[in-house]
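Please open the model in your viewer, with both the sequence and the coordinates to hand, and follow the selections below in order.

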Amino acid sequence: MRSSETLVAGEIYSRSQLREQFGVADATINTGIFQPPDHDSVWLFVTREKESDMTPHTDRLEGDTLYWQGQTASRKDFLIVEHEERGLELLVFYRESKRQYADFGFRYEGPFVYRRHSGSHPTNFVLVRARAFGTAAAAGEGRSGARTEPPPPVSSAAPCLVDVLGGLQQSSQESVVAQGALTQLQQKMHVKDAIEDWIAERIQGWRESEGTRPLLVVLSGNAGDGKSDLIERLRAHPGVQGADLDVIADATHAESPSQSQADRLVRALDPFASVPRYPRDKAPCVVLAINVGMVIAFFASLEGTPDEPRFTELQQVLHSRLGLSREDVLQPDGWDADVINLDHRNVLAGTGGGIFAGMLERLDPEAEGSITYDAARACASCAVRASCWVRTNLSILRVDAVRESLRDLLWDVSLAEDVHLTPRNLWDFLYTAITGGAKIDASTFLSCDWMREALPTQPGALTGELLGVIHRRLLYQSIFEPPAEEAQARGAILDGLGSADPIRFSGRATHIAEGRVRADPREDEAELGRLASEADEPFADGRRPDPLLLALASLTYTLDMWRGDNDSNGRDLACGVVRRARVTASPSALYEEVSDMSTQEFRRLLEAYGEWRRPDEPAPTEVEDFWTNSLIQGVKAIFGLSVGGQTYFRLDTLSPTTRYPAYVQVDLPDQLRIDPDPLQDGRASALEALNYVPRSLSASVRSGGQEPWPVPVDLQLYRLLRKVVRGYSASSVDLQAFFRLRYACERLGNAGAAEEIVFRAVASGETYRVRREARLTGTVTTFGAVAT
Amino acid sequence: MSSSHEPYWTIADGYATHTGTGRQIKLMQPGLLTQLPEDAMPARPRGDQKERTFNLLIRDGVNERLSIKEKKLIGDAPGGAGGTFVRDERIPEELRDVFGAILDDHYVIEGIKVRFLFPFHVALPAMYEFHGRYKMFNGKILAFLSQPNDGEATFNTALIQRFYNLFNEQQDLNLLDKELLVLARNTAESDAIYEASATTLITRHYGEEMQVPGALLPLAHERFQRDLETILTIPRLNRRDKITSAINVFYVHLALYFQRLAWLLDEELAHVVAALTDRTVPLDRASGCFGGDWGSSPFAGSILFRVGTGRTMPVKLTDGAVTSYREQNRRQLLMPANLSVLGAAREVMAACGIDSSGATFVDLADAARANPATGAAFEEGLNGMATATVEALSGQDRADIERQIEAGAPGLSNLREALLKVGRTALRRHGRDIVHGLVLRGGRGYISRRGRSLFFFEVGQDLLLLLAKLIVRDSQVPFRRFVEELRCYGFEPQSRAELDQLAETLRALNLLEKHSDAGEAMYVKHFL
């Protein structure tokens, strides 16, 4: 049903009148945008002059055009942008001021259609009166019930490649999945992974077992992990929907202005309270998307309220499953819970390269149905294609070696820089890597129009300045450093990749190659040509090398362009050699030099470690090797003191000793352990579906307390230990980054009841020993000097 | 003490007797803290070596104890010369000096002109007494801070006992510890088994009936108990770390107690004097000093600190860490006088027939305002005390007090001025010196210095590690809430940049985690 069928254009309607006329009980009619239940209509209430209690948006109706700002949170923007695809009419109720009409009424202006929008939070919309736009949605025709036809496109050109890619940005509306509304782009961006089926099967299994225990499925994770997306997929999954299913897609959201987030969660989680307040006929399955911080905040908000004791057990279960507390809580009797922490999803691992590989497939300009397919087809006939780095970068991304190398680099970033990779930040990274960023300079935004205007049709006509603009935005350069001097915020991934820049780690071969290209750019011609061939693209008579890369290869002969006044292009070209080696795995001599072998070793170790599930199972060989050859030897070298061929550890007593520090021998294999990853125990199937790979090894150090100290071995610690066992002497500066290791290992001397203590006289360097010795007459304590 | 009405007091032999109640007050206050409000301060301490306080905390918990001079064991010179440290017959003769020097290095605290044994096990303070007069707290302070117990007017004996058990047990001692105990027993010729107990401590100081003294700052006592309990129940700490942390909790809390008490007394007295001078001034602000909750206390956030990074950093006179130290110091100097005024004023009010046990300045002012006759008697009594206190001083000092009284200044401020005149030289010893003795210097304290006179608040890594554990315990709290909790203790980063530095230091200590909630948020979580 359409509301316009019973409304008269030009009439004044107050909200209370509309409420009565349409039987609306929903309080959200008091907001600016409202969709009445069971209507294919969206009502927009617009007031030009805002009162002090109203959100100060800039809205105005000029003739047939309405300039209107959406909600600050932009939650309902999709209803406006996609109203035609969704078969919704937009009805505008307008007034100049709050008191213009009696009973705070509005003049009903009739149906409008979406024309365009810009910005976000709030989004600036331009809507035009349907009659004026000449569509079937005009007032009279609209009443006939015919579906509104889409307005003619603003431009007859194919979608702009830069605009299409813009949807991948973290700041884009497309990066947030709205409840019940996946956009076309979001559909295309989706990469299926196993966790979706795993949860669906879990719910189906629960339903088939006809159990009476409520089931709680918690989807947790950081922003951008894909919780909302997963929820929407589950909603559409066959066999999941049902009357017994409650889905809380956004735990930070309340259902009415008078309700708080906590109120809503208290109600939704009632089946899992020790004493439920709202009995149900049938046990429900509640699927709840909630991030870790919100879990903490929710239970903190219950402190001191009557609900606190009701949810104690739930808190213990969730905190323990999310790693927020140390206690390992067993499953409660009355209900079941599965906590799926999407933080544990590894987007780089899994069949076929995991989610990241799938994302690259979705970007493939030659794959029909991909995000870029339609726009990229138009590029073939674009006059400035041979200067367009965006299309070239897409082609480079099709090269298998580049994909593999990029995946390795992201592993580096994720392990070394502690960057959490999510689908959202990966899409954002890919956007920036492909386009070079949204801006050309401080005042110029990147667009296809700008490219068509600013770039020459023939690369030979490029100026030195434009050459620099283009070359710095080619993938192998842009992933390592910002293309413009004025540094823009590039996000954690690109910042992390910046520190993996091979220029920083260059060795002998790298310097030679760099120097040669700097002296004579032609040295690089062959490599650019090779990359051009690998990044080829379809052409009328077959495939051809990438035109931009080919042009760059030929331009290496134009020395002036590369050397110019400040030689920045020449420097970029020279840097590009080693960076290309890192990204494209060629030339192999350079690639070996700039590859980080320790990351790869550590990845292999983590993968092997991830297979070790239980402490009573033998540890994988790789883990055993690491324990004996790196961890024990490394700790010995860093914290031990060699006396007479034996290693001793500092024994601290209660008063600060300055003249005769004490040392004891420690049975390191006994005090220094590696245990299986605690996450693996018991919840292996969900973790498998998440392609989970541990990010660190769970080591522990015993130093005299009842419990050992947990010391995670991450990539940085792994690297340090490897260096130390090869002879590097770790300084206190090195150890600053490993406070927990230092704290635990400095206490190793207190680990057990040592039968011998040695003392080193600081002034003389002499060593003494007190020792308990077994004699025929019994145990005695002896004290003497030690020959060193 | 003369007016147009019938006098409220009759004076004879240095005492004033209330004409209505017949109760007497001594007029001349001989010095600071002679009228001690025991719910605020259980003793009349002076600054001294903090380690000695710790010795007495344990010794006072032992029932049958010996009084052998420590000198007999540790000697009277560095290296243990003169004591049995260097005469252990189990050691080859040529190595006895070295062995003694090792024991000395490990177990003897060297102070300024003093040296004493670290009480790592109960047997040591039970058998040995340190040499010389000691002026700071004894074990009574532990009993004092361990009440009230969970809101009840009793002592938290379980906590004290758990603390004592750390020192009673022997199984986690290392080989050298054990050897020292053997030597100490041999020297003392004692093979008795010593144990410290909560009951012994409490009955020693508060009698067989264990009468609680009450607490002017009950929340500070409760937080001390909670924090000590937190440390004693950490399963990953070994014996040494547990003792070190427990000691530090005690020192930091005791110092903070002094600072809190000084700050609030001065704040409250200033508001009350203003209200007594001008009756239109309400007492609301003064009521918040001892009546508010932990977070809204005027003391919250009054210690502006910077984070110690281990590197030398310049300090400016305008830094919050310096200026707030100065204000704290000013109030600390006034504390003995303010505390004495409170004690005396309670006595005057009691003599007027109003129950004033546990009363604050606000309570006293309320009572004085409620009944004009009581108010006048109260004023007269205090002024009489002020006059008598300065009687033996120079004419100028006497004239100052007389002038104040004639000008109609409230008796509370007159008495404080009088006490400051007689006790000015002792102010530092009873306040600032104690705080400095407890927390000046070192990574575990929070007062640092440059040169001889520039002091400032600086929280080092060790103390931060401890405070983080005390605040977050086994959970994790948002960074913002962590900062609020620090504020409740009194600590506040001196600037926005320092707040960032605090976060950075916590991150370096592996105490900061990131989880997303409505926005990206940092959480403090402890690995202990």
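Which residues touch the most other members of the largest nonpolar core? In this predicted model, select Trp389(A), Phe429(A), Ile479(A), Leu261(B) and Tyr446(B), which touch the most other members among the 315 residues of that core. Next, select helix α10 of chain B, residues 239-277, since this is the element that gives the most to the core, with 21 residues. Then turn to Ala262(A), Ala273(A), Leu322(A) and Trp335(A), which are among the 31 residues of another core lying apart from the largest one.

The next stop is the boundary between the chains. Select the residues of each chain that are in contact with the other, and you should have 51 residues of chain A and 47 residues of chain B. The size of an interface is often given as the accessible area lost when the parts come together. Here the area buried between chain A and chain B is about 4300 Å², and carbon and sulfur atoms give 57% of that area.

For the polar side of this boundary, display the 13 residue pairs in polar contact between chain A and chain B, both residues of each pair being at pLDDT 80 or more. The count of salt bridges between the two chains is four, and one to zoom in on joins Glu707(A) to Arg236(B), with the closest N and O atoms 3.8 Å apart.

Finally, colour the side of chain A that touches chain B by element: α10 (292-302), β22 (709-713), α34 (739-745), β23 (756-760), β24 (767-775) and β25 (778-786) of chain A each give two or more residues to that side. Recoloured by residue class, the residues of that side divide into 24 nonpolar, 17 polar and 10 charged.

Note on methods. Residues numbered from 1 in each chain as written. Chains lettered and ligands numbered in written order. Predicted model: local features only at pLDDT ≥ 70, side-chain atom pairs only at ≥ 80, totals over all residues. Heavy atoms only, no water. Core = buried A, V, L, I, M, F, W, Y, C linked by side-chain atoms within 4.5 Å. Buried < 20%, exposed > 50% of the residue type's maximum accessible area, 1.4 Å probe, protein only. Helix = DSSP H or I, 4+ residues; strand = E, 2+ residues; numbered from the N terminus. Contact = heavy atoms within 4.5 Å. Buried area = accessible area lost by both parts, 1.4 Å probe. Salt bridge = Lys/Arg side-chain N within 4 Å of Asp/Glu carboxyl O. Polar contact = N/O pair within 3.5 Å; in protein donor to acceptor, adjacent residues only side chain to side chain. Nonpolar A, V, L, I, M, F, W, Y, C, P; charged D, E, K, R; others polar.
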